[in-house]
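Here is a short set of exercises to work through at your own pace. Keep the sequence and the 3D view side by side, and try each task before you read its solution.

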Amino acid sequence: MNQQLRNLKEKYIEYWDSVSKKQKLLFVGIFLAILLALVLTIFFLSKPTYVPLFTNELSQKEIGDIKSELEQEGYTDYKLDRNGTNIQVPKEDVDNLLVSLASKGLPKTGTISFFDMTKDLQFGATDRQLDAMEKEALQGEVANLLRHVEGVKNAAVVISTPQDSLFVRPDEKEQASASVVVELEPGYEMGPKEIQVLYHLVSKSVPNLPKENIVMTDQGGQGLELPNQSAGAGALDNFDQQRKIQKDIENDIQKDLQQMLGKIMGHNKVLVQAFVRLNFDQVKTHQELVEPVVEDENGKKTKGLAVSVEEIKKEYSGKDTASGVTGTGQTDVPEQYTAAGPSQENKSNETENRVNYEVNRITNEIMKSPYKIEDLTINVGVEPPDPQNPASLTPDTKANIQQVLSNVVRTALSSNTALTNQDISSRITVFSQAFGGKAEAPKLEQKSDLLPPWLLYSLIGAGGLILFLVLFLVLRRRKASMEEDDPFPIFQEPVSPPIEMKEDEKAAIKKQVEQMALEQPEEFVGLLRNWLTRD
C-alpha cells in the first residue's frame, strides 16, 4: 500500500515538473477559485435568516421592553429595524420567542379581537363590561381595516356610541361619532378619492354612524376633510367629460375632412381645423295626448267610439182648471166681474240622450340627447400647386372645397331650420397659403445627394465581409494558442524504432521456421496466417 502511494506521488511530482509555468498558475487559480466558492457557499448556507418577530410595527417603548426581556433571558441574537420600531430574530427562533414573550404579557398594545377578550371572562360579567369589550374590539378592527389602505401606515380610532334605551323612539335615537388619526407613509399625500374611501369604510363599519359625524386627521394634525361631491370633484369631472366629448367630435370632423381633401389635393397640402359648440342640456318631456277614434267620410277623426248609449223620453198632457173659492176680500175680484171662458189643454215632450265615448289616450316620454351640435365652424388652409403663387389655386377648386364643407355644416346643423345659405357660408373659411415647417424633405434630399444608395450598400457589404474575416482570424489564432497551452495534452505512444537483427539470428530463425513447416504443418499455416493478418 505504501509502495503504491509512493508511486502515485512520484507520478504526480513528475507530471507537475513536466508542465509549464503558465499551466501551473492556471491549476493554482482554479483550485483557489473552487476553494473560495466552497467557503462562501458554506458561509451563506450557515448564516441565519432574520425575519420580523412581530408583523405590525410597535412603538419604541414596547421594543425597548421586549429587548430588555430578551437580554434578561440571555438571548442576544437579534437586530433592530425601522428606526427601532421592529425587531428581527432568526427564523427558527420566532415561535419559541413569541410563546415566551406572550407568557410575560408582551407586547402590551395592539388590536385584540372580541374572542380574545371574552375567552377568559368569568361568570357574572356585567353588561357594561361586555359593552366596553365590544367597543374596544370594534375600534381595533376598524383601525386594522384602515391599515390595509394604500398609503396608511398606522391608524387609531375612538368610537362613541349612544346608550340604548327603551323609552326613546327609533327616529329620535342619537347617532354615533368617531375620531380617527391616520399615520401616512413618508412622502405620501392622499387625494380626495382616497379620503372619501376612508370615510366610507369607517361609516359602514359602525352602526348608525353618518359621515358627517367622523373627524379625521393625519399624524401632523392636518385635517382630512370629506370632499364635497356636488360642488368640488363632481363639477370638475363633468367639465373634463364634456371637454373630452367636444374634442372627440372636433377630431372626428377634422380627420374625415383631412382624409378626403388630402386624397384630392395631397396629404401635406391641406390643413383642417374645426370648432364645435355643443348643448349638454338633457331635456325630458312627458306628453299625455287624447285623440278621437271614429273617422268621418273624409277620413278625419271626429269623435270617439260609443261605449254606452242611454235615451230617456218624457211626455206631459193636461187641461187648465179654475181652483179656489170666489171671495170678497180686498185683493179678490167680485164674481160679477170675473171673466168666464173654456179650459186650455197643455202638452210637453222631453228627450234626453246620454252617450259615453272612448278615445285614444297616448302617453309619450321623450328624452332628448344632451350632445347636440348648436354651432360649427370649419377653417381650411390649402397650399396652391405653386407655393410661391397663391393665385395658382383655381376658383373652381376653391368653390368645390367650399361646397363640400357647406354640406358638412348643413348636415351637422340640420336641427336649425332657420339656417340660410349665407349663414352656412359665414361659418366656412377656405384660404390658399404656402405651408412652412417642411424641413423633412430637404434633409432627405441632402442625405441622398451625399451618398448614393448603391455605394451605401456596397460599403455595408464590404464592412460585413471585413468583420467576418477579422473574427475568423482571431478565433483561429486563439484556437492555436489554446492547443499550445493545453494543460492536459493528449498522450501519444512513442514509436519504437525497428529492431535490427544480426545475420546469425536471422539464419537460426529461418532454420526453426523450416523445421516447424516440416514437422508441424498445421501450426505453421496458422502462424503464417496470423502474420499476414497483422500486415
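## Exercises on sheets, helices and charges

Helix H9 (residues 395–412) lies across S14 and S15, running at about 165° to S14. This is a predicted model, in which local features need pLDDT of at least 70 and side-chain atom pairs count only at pLDDT 80 or more, while totals for chains, interfaces and linings use all residues. Residues are numbered from 1 along each chain as its sequence is written, and side-chain values use heavy atoms, with hydrogens and water left out.

**Exercise 1.** Work out the strand order of the sheet that contains S14 and find its edges.

*Solution.*
- Step 1: Recall the terms. Helices (H or I, at least four residues) and strands (E, at least two) are DSSP runs, numbered from the N terminus. Two strands pair if DSSP finds at least two bridges between them.
- Step 2: Read the order, which is S7-S14-S15 in an open sheet of three strands with mixed pairing.
- Step 3: Look at the ends. S7 (270–279) and S15 (428–432) each have a single partner strand, so one side of each lacks a neighbour in the sheet.
- Step 4: Check one pair. S7 and S14 (residues 372–382) run antiparallel over 10 bridges, and Val 276 faces Leu 376 in S14.

**Exercise 2.** Describe the sheet built from S4, S5 and S6, and name a helix that packs on it.

*Solution.*
- Step 1: The order is S4-S5-S6, again an open sheet of three strands with mixed pairing.
- Step 2: S4 (152–160) and S6 (214–218) are the edge strands, each with a single partner, so one side of each has no neighbour in the sheet.
- Step 3: S5 (residues 177–184) pairs with S6 in the parallel sense over five bridges; here Ala 178 has Ile 214 as its bridge partner.
- Step 4: Helix H7 (residues 192–205) packs on this sheet, touching S4, S5 and S6 (contact means heavy atoms within 4.5 Å). Its direction makes about 135° with that of S6 (axes are lines fitted to C-alpha atoms, for helices over the stretch in contact, and angles run from 0 to 180 degrees between N-to-C directions).

**Exercise 3.** How many salt bridges does a search of the whole structure find?

*Solution.*
- Step 1: Apply the rule: a side-chain nitrogen of Lys or Arg within 4 Å of a carboxyl oxygen of Asp or Glu.
- Step 2: The search finds nine.
- Step 3: Try an example. Lys 244 and Asp 248 meet at 3.1 Å, N to O. They are four residues apart in helix H8 (residues 229–265), which means about one helical turn separates them.
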